[in-house]
Each structure stands twice: as C-alpha cells, then as structure tokens.
Amino acid sequence: STPSLAPPRLPGAPVPKPCNLMIFTVVSYFERCSEAQPPRDRLALDLSVRLHGQHLARELVLTAVRGYLEPPQPHKALALSFHGWSGTGKNFVARLLAENLYRDGLRSDCVKVFIATFHFPHPKYVDLYQEQLTSQIRKTQERCPQTLFIFDEAEKLHPGLLEALRSHLEGQAPENHRVESPRTVFLFLSNLGGSVINEAVLNLLMAGWSREDIKLDHLVPQLEAEIAKSTDSGFGQSRLVKENLIDFFVPFLPLEYRHVRLCARDAFLSQELPYTEEALDQIAKMMVYVPKEEQLFSSQGCKSISQRINYFLP
C-alpha cells in the first residue's frame, strides 16, 4: 500500500472529527458528520492559505471540483491533469483534495495513489498491470460512493495502462443515468509541459505583467499543444488526450523567492517550531534559481524545504 504523505496540520486548521465515511448530499457535498464547515469552503480556505503562487491552479481546481460534486448524477468521472515543474504543488494539491473529501485523507480506503515507476516498473508485465489496475478501480468503486485515483509521473505510464483507464473516464450513455454510479475523480500529475509553462510565464513577467494577472488563456493552449506533440511520453498520444477525456489541464507556475519563503514558514509552523525572518531568507537563498541571468524561479520549487529547516533548529 502507498504510505501517507500527509504532514502535520498547520496550527488553526480545522481538525477532522471521528466519523464514518462522509455521506453525500447535493447541498453539502461530503460533510464530515458534525463538522460545521462544508468541505467546499474548507477546500477554498486550504487552497488560499496553504498553496503559494498558484492562483490559476487554485481557481481551476476549486471550480472543477465544485462543479462536479453539485449535480445529482454527473455523466462521467472528473479528470484533471496537473502539469508543471517538480516542487510547484501538484502533489500538495492532490493531498489537500484527499484531505477535504475524506476524513483519513490519502490513507482512506477510497483513495488510491499510483506512482508510474514504482507500481508499474516493467513494460513486459503491462498485461498483468492492466488487470490489477482495472480490478482495483472496480473494487474501490464498489466499496465507496466517492473515489479518488491519483497517478503520479503520469507521463511515464505505459500506453496500455492509459488505454485501460479510458473506459473509466468515458461518459455514461443517457439510458444508464438511472443507475447510480460512484463519483470518481482522476488526477494525473506530470512534469510534462513544465518548461513551456515556465517560458510563457517568464516572457509575460519580462514584458511587465504582474504574475497574478496571468490567465489560463495565456498558458493552457501552449500546454495542450506541447502535450499533444510530445513523443517522449505516451500520455499525449493516448486516447485520454486525443478524445478529450481530460476535463481540465491545470498549469502550475514556477515558484519565485517569495513563495519559497512562505513554504519555509509553513514548514516551521507545521512542526510548531519558532522561526525568524532571517531564517526564512537563508532557507530561500539555499535554493537554485533560474534562468541563469534573471534567477527568477526556484529550480526545485518548494521541494526539500521541510528538510532544510533542520539546519536552523536550536
């Protein structure tokens, strides 16, 4: 089984109360028993407070999830594809979504995390992987009214596995809508297209744009084109992409110095440790910034920040 990646909760964040699996209602989504704040509001708060430098991902993920959970019976699974450099928040948003939909977050029996190179390492066993994957999806959907499947390193998934997923992402025929089916969310996490996103963001910033004024229209067309023409990955050539079964491609922007400082602050807070502004600056300066001339973006995003704070403990 995949180990939990969840860190300690930040001080002041809502603490889930013990209860059974959340029961779905159209009005309140998957409420946690007596917890007063509906998950849609808590997800908005988490994305606003805990996710740094990703206004596009924050808005798109929140809108997509709300739109999917509101209808009484959605006609297909929700498929989101997260793209960007390592350390920009793709796994973090996946974890926040799991925490907001399930009391046990990533540890829930209704959440399955697959890492391409770990769970499906040998191409010669792809037929076996297909059977196992299909069986696990089916059994999870039979057990849970709401399921979440996360595929990390999606660009490294074998084409046969991507093909096996196609039937799970396709819409239901109208006559089948009478049969209640589980709500299913698929998240694909990938570095594919990260360089195109970074180049587009760099050009806009150098042209005088504010980061917060960058819109999806500035990035998504270029991102989708890059994914579709990629020959190094089966993802862009898969029918998931070619048949428009991915509902939204979500760009994660490269992180700047100020965002790395915020990640460092959160790392201290998550462990309830004191910090100084000087320590935040020192940690942020430990990262490598690119391009070489401008040095605007952290080449690792916020990855490894939590380990770096150990240098500043008493």
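Let's start with two helices: α7 (residues 194-206) and α8 (residues 216-229) pack with their axes 9 Å apart, at an angle of about 150°. Because angles over 145 degrees count as roughly antiparallel, α7 and α8 are placed in that class. The crossing of these two helices, α7 and α8, is right-handed. Keep in mind as you look around that this is a predicted model.

Which residues of α7 and α8 meet? On the α7 side you will find Val196, Ile197, Ala200, Val201 and Leu204, and across from them in α8 sit His218, Leu219, Gln222, Leu223 and Glu226. Sorted by class, the contact of α7 with α8 has seven nonpolar residues, two polar ones and one charged one.

Follow the chain out of α8 and you come to Ser230, in the loop between α8 and α9 (239-242). Is Ser230 buried or exposed? Its relative accessible area is 9%, so Ser230 counts as buried. Setting aside neighbours within four places in sequence, Ser230 is in contact with Leu192 and Gln237. Gly193 is also worth locating: it is 37 residues from Ser230 along the chain, and the C-alpha atoms of the two are separated by 8.9 Å.

Now step back for the overall picture. The chain has twelve helices and nine strands. It holds 314 residues, of which 48% count as buried. If you take the contacts between residues at least 6 apart in sequence, 74% of them join residues at least 24 apart.

The aromatic residues offer some good examples of links between distant parts of the chain. A search of the whole structure turns up twelve aromatic pairs. In one of them, the rings of Phe82 and Phe252 have centres 5.2 Å apart and planes at 50°, so the pair is classed as tilted. Phe82 belongs to strand β3 (residues 78-83), while Phe252 lies in the loop between β7 (248-251) and α10, so this pair ties together parts that are 170 residues apart in sequence. Both partners are buried: Phe82 has 1% relative accessibility, and Phe252 has a relative accessible area of 0%.

Another aromatic pair, Phe151 with Phe186, is stacked, with 6.4 Å from centre to centre and 15° between the planes. Here the link runs between two strands, with Phe151 in β5 (residues 146-152) and Phe186 in β6 (residues 183-190), 35 residues apart. Phe151 is buried at a relative accessible area of 0%, and Phe186 is buried with a value of 0% too. Phe151 and Phe186 also belong to a wider group, since ring pairs link Phe114, Phe120, Tyr125, Tyr129, Phe149, Phe151, Phe186, Phe188 and Phe235 into a cluster.

From the loop that holds Phe252, move on to α10 and its partner. The axes of α10 and helix α11 (residues 277-285) come within 9 Å and cross at roughly 120°. That angle makes α10 oblique to α11. The crossing of α10 and α11 is right-handed.

What does the contact between α10 and α11 consist of? From α10 come Tyr257, Val260, Arg261, Ala264, Arg265 and Phe268, and they meet Glu277, Leu280, Asp281, Ile283, Ala284 and Lys285 of α11. By class, the contact of α10 with α11 has seven nonpolar residues, five charged ones and no polar ones.

One of the charged residues deserves a closer look: Arg261, in helix α10 (residues 257-270). Why does Arg261 count as buried? The cut-off for buried is under 20% relative accessible area, and Arg261 has 19% relative accessibility, so it falls in the buried class. Apart from residues up to four places away in sequence, Arg261 touches Glu277, Leu280, Asp281 and Ala284.

For a final stop, go back along the chain to Phe92 in helix α3 (residues 90-101). Beyond residues up to four places away in sequence, Phe92 touches Arg50 and Leu51. Phe92 and Leu47 are 45 residues apart in sequence, with 9.7 Å between their C-alpha atoms.

Technical notes: Residues are numbered from 1 along each chain as its sequence is written. This is a predicted model: local features need pLDDT of at least 70, side-chain atom pairs count only at pLDDT 80 or more; totals for chains, interfaces and linings use all residues. Side-chain values use heavy atoms; hydrogens and water are left out. Helices (H or I, at least four residues) and strands (E, at least two) are DSSP runs, numbered from the N terminus. Buried means under 20% relative accessible area, exposed over 50%, partly exposed in between (1.4 Å probe, protein chains only). Contact means heavy atoms within 4.5 Å. Rings of Phe, Tyr and Trp (its six-membered ring) pair if their centres lie within 6.5 Å; planes under 30 degrees apart count as stacked, over 60 as edge-to-face and the rest as tilted. Axes are lines fitted to C-alpha atoms, for helices over the stretch in contact, and angles run from 0 to 180 degrees between N-to-C directions. Angles under 35 degrees count as roughly parallel, over 145 as roughly antiparallel, 65 to 115 as roughly perpendicular and the rest as oblique. A crossing is left-handed if the near helix is turned anticlockwise from the far one by less than a right angle, and right-handed if clockwise. Ala, Val, Leu, Ile, Met, Phe, Trp, Tyr, Cys and Pro count as nonpolar, Asp, Glu, Lys and Arg as charged, and the others, Gly among them, as polar.
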